[in-house]
Amino acid sequence: MSLTEKTSELLPWMEEDFRQLVALKESNKLAHAYLFGGQQGLGKLLLAKYFSHYLLCSNTRGNDVCGECRECQLLSAGTHPDLKVIQPEDSSEIKIQQVRETINFISQTSQRGGYKIIIIEPAEALNTNSANALLKVLEEPSDNTLLILVSHQPALLMATIRSRCHLKKFNRPSSELSIPWLESKNVRAPAAELLRIANNIPLRALHFADDDALHDRSVLHTVLEKLLQGQMNIAEAADQCEHYSLEDNIEALMLCSSDILIHNQMGPANSESPLYDHDLKSLADFFQSGTRLKALHEFYQELLTARRVINSTSNPNRMLVLESLFFNWASIARQ
Ligand SMILES: [Zn+2]
């Protein structure tokens, strides 16, 4: 299910941010450029689209779009001429040509008489040339033009870009908001468990629900067991997990490691979760000795480092990172 295709949903944990943006608009204090920063899967793009929709609708009702006016019709058809969403096209980068088209778009008058809005997602996909070209736009804002940069890794953006945008930071929502939302999507697996393996990132949890991630999680546990027993080599292990992004694999390894640590140090953290005990029992048994537990602690630190590295590097060698993590995991058995 690709939620990002829809513009019509205001996610419950984004309502407060949306109201703040509306209030700024109503008091004519809206900045000309925003940077929506935060982890991928929180719904930043959806908020950017929803707020754009609000700005363009000609008949808003309170904080809501009307869904009926000509603007709303064009928006839901994805053909509104005054909204541009710039994303990488045939590569992982946003190219200078795309930014030039944006500059051209901004220089023209709005076709429908209201705002002209550009959403760039993810902004860290701008290469150096395109980021430099975009700087001009940011330095010379034009009236009734709004630029929203959506970034999962704002630290990777050029400082000159960041400093010219008004930063809005997004954090993971509370489970009081995300669990009912996830349940409303009719997911088959328990919402709380999906959120747990998705590190409380709701759109990632939804993606996991579609992807049968709970099953894949037990595949990962089997891979980890076989690595410890010397029954699988590193390349095979990486193959089994390549279905997921490196970020997701690292999160899954972190969750699994911390579950085992908690289990062996304090007893089951959550005995009510059936998945927890059955699935991890044999792995957890392996880590009963103090030496192995210490090695697992060190492995967890390596995962934290790997996560930092991939977050601060624009193009890490993903397969190499995953294989080296599996190598370190397998070597715990030799300690
Ligand atoms: Zn409308």
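Two residues are in contact when heavy atoms of one lie within 4.5 Å of heavy atoms of the other. Keep that idea at hand, and start with Ile119: leaving out residues up to four places away in sequence, Ile119 touches Leu45, Ala48, Lys49, Ser52, Leu83, Lys84, Val85, Ile86, Ile148 and Val150. The structure you are looking at is a predicted model. Here is a friendly tour, beginning with the whole protein and then visiting a metal site, the backbone and a few chosen residues.

**The protein as a whole**

- The protein has 335 residues, and 47% of them count as buried.
- Its secondary structure comes to 15 helices and 5 strands.
- Along the principal axes, the C-alpha atoms fill a box of roughly 70 × 40 × 30 Å.
- Take the contacts between residues at least 6 apart in sequence: 73% of these join residues at least 24 apart.
- The accessible surface is about 16,500 Å², and carbon and sulfur atoms account for 47% of that area.
- There are 32 positive and 41 negative charges, and the mean positions of the two groups are 5 Å apart.

**The zinc site**

- Which residues coordinate the zinc ion? They are Cys57, Cys66, Cys69 and Cys72, each through its SG atom, at 2.3 to 2.4 Å.
- The site is tetrahedral, with angles of 103 to 117° among the 4 donor atoms.
- If you follow the donors along the sequence, their spacing reads C-x8-C-x2-C-x2-C.
- Are Cys66 and Cys69 buried or exposed? Buried means under 20% relative accessible area. Cys66 has 9%, so it is buried, and Cys69 has 11%, so it counts as buried too.

**Backbone details to look for**

- Glu121 and Pro122 are joined by a cis peptide bond, with omega at about -10°.
- Pro122 belongs to the loop between β3 (116-120) and α5 (128-139).
- Asn28 is not a glycine, yet its phi is positive, at about 55°.
- You can find Asn28 in the loop between α1 (15-26) and β1 (33-37).
- With a relative accessible area of 73%, Asn28 is exposed, because exposed means over 50%.
- Asn199 is another residue other than glycine with a positive phi, near 55°.
- The place to look for Asn199 is the loop between α8 (191-197) and α9 (202-211).

**Around β3 and α5**

- Ile119 lies in strand β3.
- The relative accessibility of Ile119 is 0%, so it counts as buried.
- For a sense of distance, the C-alpha atoms of Ile119 and Ser27 are separated by 22 Å, and these residues are 92 apart along the chain.
- Leu126 sits in the loop between β3 and α5.
- A place in a loop can still be a covered one: at 11% relative accessibility, Leu126 counts as buried.
- Setting aside neighbours within four places in sequence, the contacts of Leu126 are Ile94, Val99, Ile120, Ala131 and Leu134.
- How far apart are the C-alpha atoms of Leu126 and Gly230? They are separated by 43 Å, with the two positions 104 residues apart along the chain counted as their spacing.
- Ser130 is part of helix α5.
- Ser130 has 0% relative accessibility, so it counts as buried.
- Beyond its neighbours within four places in sequence, Ser130 is in contact with Ile94, Lys95, Ile96 and Val99.
- Ile94 and Val99 are therefore worth finding on screen, since they appear among the contacts of Leu126 and among those of Ser130.

**Ala33 in strand β1**

- Ala33 lies in strand β1.
- Its relative accessible area is 2%, so Ala33 is buried.
- Which residues are in contact with Ala33, leaving aside neighbours within four places in sequence? They are Leu138, Leu147, Arg164, Cys165 and His166.
- The C-alpha atoms of Ala33 and Pro141 are separated by 8.4 Å, although the two residues are 108 apart along the chain.

Key. Residues numbered from 1 in each chain as written. Predicted model: local features only at pLDDT ≥ 70, side-chain atom pairs only at ≥ 80, totals over all residues. Heavy atoms only, no water. Helix = DSSP H or I, 4+ residues; strand = E, 2+ residues; numbered from the N terminus. Buried < 20%, exposed > 50% of the residue type's maximum accessible area, 1.4 Å probe, protein only. Areas by Shrake-Rupley, 256 points an atom, 1.4 Å probe, with all protein chains shown as cover. Lys, Arg positive; Asp, Glu negative; His and termini not counted. Charge placed at Lys NZ, Arg CZ, Asp CG, Glu CD. Donors = N, O, S within 2.8 Å, 3.2 Å for Na, K, Ca; no water. Tetrahedral: all angles 85-135°; square planar, octahedral: opposite > 155°, others 65-115°.
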